[in-house]
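Here is a short briefing to read alongside the model. Keep the viewer open as you go, since each group of points is meant to be checked by eye.

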Amino acid sequence: MTRQRTMDNPLLAELRAIHDMVRRDLAVVRRLADQAAAGAPAAALQEGVRGLQSNGALFQLKVNCLSYCQFVHHHHHLESAMLFPAVRKAAPHLRQTVDRLESDHRVVSDLLDQVEGAARALGGGDAEIRAKLVEALRTLSDHLLEHLAFEEEALEPVLKTWKRWPFHG
């Protein structure tokens with residue numbers, strides 16, 4: 001999707017801006033996963049998470065890694081509760097696409113739960129917990145990046161027809 005097409009559609013631009021913040025922070029998460037896999041000390045990994053708290057776009061409100069998971073859960077809940085019903089109504093031909101997006105949300109939710117569980121267990125030198133966290137972060141990142149791209153592309157035609165979010169009255 002070109003920048004111009006996004007600029008011509010403020011609703012798509014808003015969705016893309018949120019997704020871009022998620023992408024930027026996922027890049028940091030992937031670096032942390034690589035560092036964890038390479039055996040970085042727990043203190044260094046915790047420092048990386050603290051860096052997300054103060055430097056990441058989504059983390060300017062002083063959230064942490066676990067709160068990031070909650071942010072994505074909340075974002076997907078709002079899409080499923082508000083955006084997708086509006087898309088189904090406006091574009092019934094996208095029923096299967098919305099079904100796929102909702103299925104993706106369930107997969108992402110499970111992956112977020114895995115990241116949260118592994119992050120809570122991290123603390124010592126347990127290689128098995130570290131490996132679980134690395135795998136959970138990488139799997140989440142891969143799946144979520146694919147989901148964001150598909151959602152933007154699939155919803156662009158509908159969003160182009162809207163002047164405002166239909167659930168905002």
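Leaving aside neighbours within four places in sequence, which residues is Leu-140 in contact with? They are Val-108, Leu-111, Leu-112 and Val-115. Please bear in mind that this is a predicted model. The chain has six helices and zero strands, and buried residues make up 41% of its 169 residues.

**Overall layout**

- From the N terminus on, the elements run α-α-α-α-α-α.
- Take the contacts between residues at least 6 apart in sequence: 72% of them join residues at least 24 apart.
- The exposed area of the chain is about 9200 Å², and carbon and sulfur atoms supply 54% of it.

**Two helices checked for length**

- Helix α2 has 28 residues, which should span 40 Å at 1.5 Å a residue; its end C-alpha atoms are 40 Å apart, so the two values agree.
- Just after α2 comes Gly-39, which takes a positive phi of about 90°.
- Helix α5 covers residues 95-121, 27 residues in total. From its first C-alpha to its last it reaches 39 Å, close to the 39 Å expected at 1.5 Å a residue.

**The buried side of the story in α5**

- An α-helix has 3.6 residues a turn, so residues three or four places apart point the same way.
- With that in mind, look at the buried residues of α5: Thr-97, Val-98, Leu-101, Asp-104, His-105, Val-108, Leu-111, Leu-112, Val-115, Glu-116 and Ala-118.
- That list holds polar and charged names as well as nonpolar ones, among them Asp-104, His-105 and Glu-116.

**Nonpolar cores**

- The largest nonpolar core has 23 residues, and within it Leu-140 and Leu-144 touch the most other members.
- Two or more residues of this core come from each of α2 (10-37), α4 (65-90), α5 and α6 (127-159).
- Helix α6 gives the largest share, seven residues.
- Another core, of 16 residues, lies apart from it; Phe-84, Leu-155, Leu-159 and Trp-162 are among its members.

**His-105 and its surroundings**

- His-105 has its place in helix α5.
- Why does His-105 count as buried? Its relative accessibility is 6%, and the cut-off for buried is under 20%.
- Not counting residues up to four places away in sequence, His-105 touches His-76, Glu-79, Ser-80, Phe-84, His-147 and Glu-151.
- One of these, Phe-84, is also a member of the core of 16 residues.

**Met-82 and a distant partner in sequence**

- Met-82 lies in helix α4 and counts as partly exposed, because its relative accessibility is 31%.
- Between Met-82 and Pro-166 there are 8.7 Å in space, C-alpha to C-alpha, although the two are 84 residues apart in sequence.

**Salt bridges**

- How many salt bridges does a search of the whole structure find? There are eight.
- Arg-16 pairs with Glu-152, with the closest N and O atoms 2.7 Å apart. Arg-16 belongs to helix α2 and Glu-152 to helix α6, so this salt bridge ties together parts that are 136 residues apart in sequence. Both Arg-16 and Glu-152 are buried.
- Arg-138 and Asp-34 also meet through their side chains, at 2.6 Å from N to O. Here Arg-138 is in helix α6 and Asp-34 in helix α2, so the pair ties together parts 104 residues apart in sequence. Arg-138 is partly exposed at 29% relative accessibility, and Asp-34 is partly exposed with a relative accessible area of 42%.
- A further salt bridge joins Asp-99 and Arg-88, whose closest N and O atoms are 2.7 Å apart. Asp-99 lies in helix α5 and Arg-88 in helix α4, so the linked parts are 11 residues apart in sequence. At 31% relative accessibility Asp-99 counts as partly exposed, as does Arg-88 at 27%.
- Some salt bridges share partners: Arg-16, Asp-20, Arg-23 and Glu-152 are joined in this way into one network.

Technical notes
Residues numbered from 1 in each chain as written. Predicted model: local features only at pLDDT ≥ 70, side-chain atom pairs only at ≥ 80, totals over all residues. Heavy atoms only, no water. Helix = DSSP H or I, 4+ residues; strand = E, 2+ residues; numbered from the N terminus. Expected span 1.5 Å × (residues − 1). Buried < 20%, exposed > 50% of the residue type's maximum accessible area, 1.4 Å probe, protein only. Core = buried A, V, L, I, M, F, W, Y, C linked by side-chain atoms within 4.5 Å. Contact = heavy atoms within 4.5 Å. Areas by Shrake-Rupley, 256 points an atom, 1.4 Å probe, with all protein chains shown as cover. Salt bridge = Lys/Arg side-chain N within 4 Å of Asp/Glu carboxyl O.
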